[in-house]
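User: I am new to this structure and would like a close look at one part of it. Please take me through the site around the ligand, and then through what lies beyond it.

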Amino acid sequence: MDSKNFILSIESSCDDSSIAITRISDYKILFHQKISQDLEHSNYGGVVPELASRLHSVQLPRILQNIKQEGIDFDNIAAIAVTNEPGLSVSLIEGVMMAKALHLSLSVPLIEVNHLKGHIYSLFIEKDVIFPISILLLSGGHSLILEAYSYDDIRIIARTLDDSFGESFDKVAKMLNLGYPGGPIVESRAKLGKDSISFPIPLLHSKEISFSFSGLKNAVRMFLDGKHINDDLINDICFAFQKSAIAHVSKKTQIYFENYLKDSNIDYFGIVGGASANISLRESILSLCNKYNKTLLCANLEFCSDNAAMIGRCGIDAYRLNKFINAKDLDISPKSRF
Ligand code: KG4
Ligand code: ZN
C-alpha cells in the first residue's frame with residue numbers, strides 16, 4: 001500500500017470553515033473540525049459574504065494548527081481536496097488558497113470537489129458508495145432532484161424556479177426576527193405550533209417536477225403585514241409554513257417516484273444538504289420510500305450541513321480515479337458546473 005494514505009479536505013463555500021483528514025484505504029475520519037459562523041451572521045439575518053471571507057481566513061489556519069496539535073503526520077497526506085464550486089466566491093477563495101499553499105509545501109496533488117457532489121457523498125462517509133441512487137438535495141442555495149450513476153455521471157432531474165428550500169426557512173425566520181440559520185429555529189418553533197393557519201402549497205396543480213418557494217414566502221409576508229405577533233402566533237406560522245414547504249417537496253418528489261423512479265433500476269433514495277436534517281421532511285420522504293419500495297438513505301445529522309468530511313469522502317473517489325488538477329487550473333465558480 002502507498003505509505004501516503006490520508007486526504008486532507010477543506011470546505012469554505014459559505015459560512016462554515018471545516019477541515020478533515022480521512023484515511024483513503026478504509027474511509028475512516030481521523031480528524032474533523034468545523035467552525036460555524038452562525039453567531040456572527042445572525043444579527044444580519046443571513047450570510048454577509050465579506051464577513052464570511054474574513055472569518056475563514058482566521059478559522060481555517062486555526063483548524064490546521066489543531067490538526068498538527070493532534071499529532072497527525074502531514075507526511076502521510078497523499079492529496080488535498082477542496083471545494084471550489086458552487087458557493088460564495090469570497091468564501092471559496094479562502095479554502096482554495098489554503099489548498100494551493102498546502103499543495104506547494106507538501107508536494108502533493110490537488111483535487112477539486114463540487115460542493116453538491118460533496119453533499120451526495122455525505123451519505124457515504126466511512127462507507128462504500130451506492131450507485132445508482134436518486135437524491136433530493138435541499139440546502140441554502142439549492143433544491144434539486146438528482147440521479148447519480150457514478151462519480152462522473154450525475155444528472156439533474158428537477159430544480160427550483162426561484163428560492164431554495166433552506167433559503168425560504170432563512171427568510172421566514174428573518175421576517176419573524178428569529179435569527180440565522182432559520183431552518184433549525186423554524187423547525188423547533190413549528191414543533192410548538194398548532195394547525196391554525198393555512199398557507200398555499202406551491203405549484204400544487206402542476207404536473208411539472210420543479211420547486212418554487214418564493215410564493216409561499218410571500219404568503220407568509222402578506223399574512224404578517226400589519227399584524228401584532230406574539231410567541232404563540234410565531235409558532236403557528238412556523239408550523240403552517242413548514243407544513244406547506246414539506247407538502248410541496250413531497251408532492252413533487254411523489255410525481256418523480258410515480259413517473260420515473262418506480263419502474264427504474266434505482267433502489268435507493270437519499271436526502272442530503274443542510275435542510276435534510278429536518279425531521280418532518282425525513283418522515284414525509286420515508287413514507288414515500290416505503291410506498292414505492294425504495295430504501296431511504298440519510299446522512300448522520302452532523303454531516304447534513306456543510307462539512308469537510310463529505311468533501312474528503314468525495315475526494316477519495318476522485319483520488320482513486322486519478323482526478324487531479326494543476327494548481328494553475330484550479331479556479332472557483334459561484335455556479336455549479338456539474
Ligand atoms: O447545506 P447547507 O449547510 O449550506 C448550503 O450549502 O447552503 O444548508 C444550509 C441551509 C440553511 O438554509 C438552513 O436554514 C437549512 O439548510 N437548514 C434547515 C434545517 N437545518 C438547516 N432547513 C429546514 N429544516 C432544518 N432542520
Ligand atoms: Zn451545502
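Analyst: Start at Pro181, which sits in the loop between H5 and H6. This is a predicted model. The peptide bond that leads from Tyr180 into Pro181 is cis, and its omega is near -5°.

The helices on either side of that loop lead to the ligand. Helix H5 (165-175) and helix H6 (182-192) each supply at least two residues of the shell around ligand 1. Helix H4 (115-121) does so as well.

Now look at the shell itself. There are 20 residues around ligand 1. Those that come nearest are Gly140, Asp170, Gly183, Glu187 and Gly274. Sorted by class, the shell holds 12 polar, four nonpolar and four charged residues.

Next, pick out some individual contacts. Glu187 uses its side chain: an N or O atom there is 2.8 Å from a nitrogen atom of ligand 1. Gly166 uses its backbone, where an N or O atom lies 3.2 Å from an oxygen atom of the ligand. Ala275 also uses a backbone N or O atom, with 3.4 Å to an oxygen atom of ligand 1. How much of the ligand does the protein cover? On its own, ligand 1 has 550 Å² of accessible area, and the protein covers 89% of that.

Where does the ligand lie with respect to the domains? Ligand 1 lies between domain 1 (6-125 + 306-329) and domain 2 (133-298), because both of them give residues to its shell.

Those two domains meet again elsewhere. Each of domain 1 and domain 2 gives at least three residues to the lining of the second largest pocket. This pocket has a volume of about 260 Å³. Its lining counts 13 residues, and Glu112, Asn114, Lys117, Tyr151 and Asp152 are the closest to the pocket centre. Two elements give two or more lining residues: strand E4 (77-85) and strand E5 (110-114). E5 gives the most, with three. By class, the lining divides into six charged, five nonpolar and two polar residues.

Strand E4 also leads to another cis bond. Pro86 lies in the loop between E4 and helix H3 (89-106). The peptide bond that joins Glu85 to Pro86 is cis, with omega at about -20°.

One more loop deserves a glance. Tyr27 is in the loop between strand E2 (16-23) and strand E3 (29-36). Its phi is near 65°, a positive value in a residue other than glycine.

To retrace the route, begin at the cis bond before Pro181. Follow H5 and H6 to the shell of ligand 1. Then move on to the second largest pocket, whose lining also draws on both domains.

Notes
Residues are numbered from 1 along each chain as its sequence is written. Chains are lettered from A and ligands numbered from 1 in the order in which they are written. This is a predicted model: local features need pLDDT of at least 70, side-chain atom pairs count only at pLDDT 80 or more; totals for chains, interfaces and linings use all residues. Side-chain values use heavy atoms; hydrogens and water are left out. A residue is near a molecule or strand if one of its heavy atoms lies within 4 Å of it. A polar contact is a pair of N or O atoms within 3.5 Å; within protein, one must be able to donate a hydrogen and the other to accept it, and residues adjacent in sequence count only if both atoms are side-chain atoms. Accessible areas come from the Shrake-Rupley method with a 1.4 Å probe; for residues, only the protein chains shown count as cover. Helices (H or I, at least four residues) and strands (E, at least two) are DSSP runs, numbered from the N terminus. Ala, Val, Leu, Ile, Met, Phe, Trp, Tyr, Cys and Pro count as nonpolar, Asp, Glu, Lys and Arg as charged, and the others, Gly among them, as polar. Domain bounds come from an automatic or database domain assignment. On a 1 Å grid over the protein atoms alone, a cavity is a set of points where a 1.4 Å probe fits but cannot get out, and a pocket is an open set with protein on both sides within 12 Å along at least five of seven lines; lining residues have an atom within 4 Å of a point. Grid points are joined across faces, edges and corners, and a volume is the space filled by probe spheres set on the points.
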